[in-house]
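Colleague: I am new to this protein, and I would rather understand one part of it well than hear a little about everything. Please choose a single part and take me through it slowly, with the cut-offs behind each term.

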Amino acid sequence: MDSTFIELSPKGLKNKHEVLKTIYQNNIDNQQKNILLDSFLLEAPVVHVYDKAAVVTFIMHTFRKKMDSVYQRRTRFYDVWVKRGEQWKAVTWQASPVE
């Protein structure tokens, strides 16, 4: 993630620090509920590279377990990346649930 990273969400914009804090807190909350991420698949990827920028979209299909139950969720991501020197950095993303 680039230092200028922003996330678009229904609640507004989040910066890199806020996004990482949210991801961390979600992981802690799930652990406390005994919900563990089992695995995930990246589906339907599309990547378009434009010199030092790229637009990427994919569906993240996650599989979580609680006891003997499996919970699945599919989320479509839309990312924009820029090349900074030799490294690609995410500068923004937006995620939407897939029904």
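Modeller: Let me begin with exposure, where buried means under 20% relative accessible area, exposed means over 50%, and partly exposed lies in between (1.4 Å probe, protein chains only). At 34% relative accessibility, I6 therefore counts as partly exposed. This is a predicted model, in which local features need pLDDT of at least 70 and side-chain atom pairs count only at pLDDT 80 or more, while totals for chains, interfaces and linings use all residues. Residues are numbered from 1 along each chain as its sequence is written, and side-chain values use heavy atoms, with hydrogens and water left out.

The part I have chosen is strand β6 and its surroundings. The protein has one helix and six strands (DSSP runs numbered from the N terminus, H or I of at least four residues for helices and E of at least two for strands), and along the sequence they follow the pattern β-β-α-β-β-β-β. Of the 99 residues, 23% count as buried.

I6 has its place in strand β1, which covers residues 6–9 and pairs with β6 in the parallel sense over three bridges; pairing here requires at least two DSSP bridges between two strands. Within this pairing, I6 stands opposite T92 in β6. Strand β1 also has a partner in β2 (residues 12–15), with four bridges joining the two in an antiparallel arrangement. A hairpin leads from β1 to β2 through two residues, and S9 stands opposite G12 in β2.

Strand β6 is also joined to strand β5 (residues 69–84), this time antiparallel and by 10 bridges. R84 stands opposite Q87 in β6, and in the hairpin of β5 and β6, which leaves two residues between the strands, G85 takes a positive phi near 70 degrees.

The largest nonpolar core (buried Ala, Val, Leu, Ile, Met, Phe, Trp, Tyr and Cys residues joined through side-chain atoms within 4.5 Å) has seven residues in all: F5, V19, V56, F58, F77, A90 and W93. The elements giving two or more residues to this core are β4 (53–66) and β6 (87–97). In soluble globular proteins, nonpolar side chains tend to be buried together. If residues up to four places away in sequence are not counted, W93 touches several others (heavy atoms within 4.5 Å), including the core residues F5, V19 and F77, and I6 and L8 are also among its contacts.

I6 and L8 appear again on the outside, where together with L13 they make a nonpolar surface patch of about 270 Å². Patch residues have over 30% relative accessible area and no salt bridge, with nonpolar side chains (Val, Leu, Ile, Met, Phe, Trp, Tyr) joined within 5 Å and like charges within 9 Å, and the areas come from the Shrake-Rupley method with a 1.4 Å probe.

R84, which we met opposite Q87, forms a salt bridge with D2 at 2.9 Å, N to O, the term meaning a side-chain nitrogen of Lys or Arg within 4 Å of a carboxyl oxygen of Asp or Glu. Because R84 lies in strand β5 and D2 in the segment before β1, the pair ties together parts that are 82 residues apart in sequence. R84 counts as partly exposed at 42% relative accessibility, whereas D2, at 6%, counts as buried.
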